[in-house]
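Me: Hi! I'm new to this one, could you walk me through it?
Reply: Happy to, here it is.
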Amino acid sequence: MPNIFQTVPLIHFVYLSALLFCIGVVGVLIRRNAIIIFMSIELMLNSVNLLLVAFSAYRQDPPGQIFVFFIMAVAAAEVAVGLAIIIMIYRNIRTVDINELSRLKG
Amino acid sequence: MNLLISLTALGVVAMFGGILKFRSMVMPLSVLGLIGASLLGVYAWNTNQSFLNDMMRMDNYAIAFSIVCMAGTLLTILFFHFFHSENEIHYAEAVALMLFAVAGCAVMVSFTNLLMLFLGIEILSLSLYVLAGLRKKDLLSNESSLKYFLMGAFSTGFLLFGIALLYGATGSFATTQIAYQLGIAGMNGMAAMGLLLLMIGLLFKVAAVPFQFWTPDVYQGAPTIVTAFMATVGKVAAFAAFLRLFQLCFAPSKEGYQLVIGTVAAITMLAGNIMAIYQSSTKRMLAYSSIAHAGYMLIAVMTLNASSNGSILFYSVAYTLASISSFLIVMVVQQNRNNDTADDFNGLGKTNPWIAFALAVSMLSLSGIPATAGFFGKFYVFSSAVSDGFIWVVAVAVISSFISIYYYFRPVIAAYSKQTHDPVMTMPAGTQALLILLSLLTILLGILPGFIAGII
Amino acid sequence: MLLEIKTSATSTAVDYFPIVIQFVFAAGFVATTMFVTHILGPHLKTKKKLKAFESGIKSVGNARQPFAIKYFLTAILFVLFDVEVIFLYPWAVNFLDLGMGGIITMGLFMVLLLIGFFYIIKSGALDWE
């Protein structure tokens with residue numbers, strides 16, 4: 001059976017997910033809104049998913065896709081915890097700007 | 001595996017303690033459960049069984065580190081019980097989260113598949129994010145929780161990208177397969193990149209320079225008991241997983257990255273110790289000291305020879321004992337004098353001689369003075385590095401240990417040589433006895449180190 | 001070695017030309033229709049006309065109000081339980097191969113989820129009032 005993934009060279013997938021990953025990293029480093037930082041982190045995780053699926057399809061090796069399932073489940077748990085933390089903070093200070101959170105300094 | 005199942009079940013039971021109204025049972029149940037789980041671990045000693053299609057293996061390394069983590073959790077839960085106030089709404093949930101975290105530790109230290117490494121790290125981290133925000137109305141706790149969460153999730157991204165690249169290069173998540181494939185094909189570009197990203201993710205988790213910037217804030221903002229938990233159990237498990245990963249997958253090609261880890265270790269030790277000098281808050285000072293200790297433990301990861309496992313185990317035990325008791329003493333001082341600068345320790349030797357004794361022993365152990373466990377911890381780590389020819393790293397380590405003596409002794413000197421008019425410190429019953437027990441254990445290990453060092 | 005598997009199937013820039021044309025057409029169509037409707041349509045700017053259309057029901061208040069916290073809580077819980085379903089897919093695909101062991105394992109997984117659900121109900125997270 002011809003593998004549809006193989007019509008695009010694998011290295012393109014690697015470049016694409018590396019690019020997405022870098023966008024996520026830059027987003028985390030330069031944005032100051034907690035929700036947007038959070039979205040950038042999700043982007044990083046999803047670029048990993050893309051990469052894993054690409055490798056998995058290339059090698060005809062299912063474990064890669066199972067790993068993706070686990071990443072998705074864990075990411076959902078992270079979303080739950082993260083949003084809960086952000087809501088907790090929003091209740092106390094009415095903002096999600098992390099610059100407002102600088103009480104802890106040496 | 002029985003160990004892991006019982007820990008999880010225990011966590012589930014403890015979780016319901018609050019809402020099903022058997023709160024007073026939670027502490028005894030968890031203590032008994034943790035002791036039982038440790039006995040299950042001891043029972044499985046030398047069996048070397050694999051579970052879940054060879055995704056995890058309960059070898060002696062895994063069991064030893066699981067037991068260390070469980071002992072740390074046991075102490076934390078006891079102290080949490082002593083110090084919790086009656087209106088602590090989420091008492092049972094906090095205990096349950098600690099139990100889930102230690103279940104994560106057990107997964108982390110017994111993995112033979114990168115999937116299990118990832119899951120273990122996440123189970124531990126997710127529990128810790130919530131625990132750091134335990135005081136919902138306290139802004140410092142909120143901030144600590146958010147920072148820890150964002151940085152933890154960020155580092156998970158690096159870890160995962162590293163795993164994905166490694167999978168691309170070797171075609172498997174199993175450590176045996178990865179080691180085998182790397183043995184045949186050698187480190188190609190993709191595998192090296194994967195290793196680098198994996199290393200960045202793990203260095204984040206163990207708080208090594210230059211990825212340490214979140215640590216002081218998180219450790220200072222979190223409730224002290226949670227800080228003690230993060231700094232001991234969390235760190236020990238992270239190091240055990242770090243070392244296990246490198247032993248299982250990358251040991252043959254260690255020449256390629258030893259210099260990197262050695263440099264990181266040297267910078268971490270120096271930066272952690274020098275920054276610690278400038279802290280007025282003792283809790284924050286201990287946070288920097290934990291960064292410095294990450295540096296010492298990284299030396300064992302760098303050396304990666306036959307004695308690394310034993311030396312890091314001993315170091316973990318010594319560090320856990322001393323750290324938990326010093327955080328506890330900081331907590332007692334905070335509660336009685338509303339602050340934790342070195343001046344708040346004034347006269348402790350007169351008012352509370354036993355607490356001052358425990359403080360002195362734990363600080364001596366953290367700085368690595370002979371006749372305490374900390375000395376042999378450092379001795380084992382350094383001597384195996386020297387025998388592999390890493391004299392320069394050890395030289396840096398020794399110099400930074402001397403620097404550390406200065407700030408570790410500050411509260412001790414204040415306790416013994418300065419006067420105070422403050423009243424005798426009060427603390428919950430049992431605290432003092434446990435602190436003395438921890439100090440005696442520290443001294444015992446400092447006199448008879450062979451007891452633990454040769455075990456794995 | 002892995003990266004060389006399919007380098008023979010590389011495509012040249014010309015192969016992407018139809019896609020470019022499609023993009024041009026799509027963008028052009030949108031731009032044209034938006035422009036043309038502005039020109040052709042009648043211009044009645046009354047207050048009622050400028051209001052948001054909500055299927056004939058009178059619109060109330062400003063849409064950009066903060067949601068009540070309870071929506072977030074429910075949404076978070078939904079996400080958690082929703083995503084766990086993905087573990088059912090690989091099991092469903094291999095249902096016959098896994099047999100009784102698979103059913104027991106999945107049952108255990110579901111029981112664990114249900115314990116969590118029980119905790120949520122008991123702790124009152126789903127009480128709307």
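Reply: One term to start: helix axes at angles under 35 degrees count as roughly parallel, over 145 as roughly antiparallel, 65 to 115 as roughly perpendicular and the rest as oblique. This is a predicted model, where local features need pLDDT of at least 70, side-chain atom pairs count only at pLDDT 80 or more, and totals for chains, interfaces and linings use all residues. Residues are numbered from 1 along each chain as its sequence is written, with chains lettered from A and ligands numbered from 1 in the order written.

Me: At what angle do α2 and α4 of chain B cross?
Reply: Roughly 20°, with the axes of α2 (residues 23-43) and α4 (residues 91-109) of chain B coming within 9 Å. Axes are lines fitted to C-alpha atoms, for helices over the stretch in contact, and angles run from 0 to 180 degrees between N-to-C directions. Helices are DSSP runs (H or I, at least four residues), numbered from the N terminus. So α2(B) and α4(B) are roughly parallel to each other.

Me: Which residues meet there?
Reply: B:R23, B:V26 and B:S30 in α2(B) meet B:Y91, B:A92, B:V95 and B:L99 in α4(B). Contact here means C-beta atoms, placed from the backbone, within 7 Å.

Me: New topic: how many residues does the contact take from chain A and from chain B?
Reply: 33 from chain A and 34 from chain B. On the chain A side, α3(A) gives the largest share, 15 residues.

Me: And what pLDDT does chain C average?
Reply: Chain C averages 80, and 77% of the residues score at least 70. pLDDT is the predictor's confidence in each residue, from 0 to 100.

Me: What about the whole complex, which ipTM does the predictor give?
Reply: An ipTM of 0.93, along with a pTM of 0.89.

Notes: Helix = DSSP H or I, 4+ residues; strand = E, 2+ residues; numbered from the N terminus. Contact = placed C-beta atoms within 7 Å.
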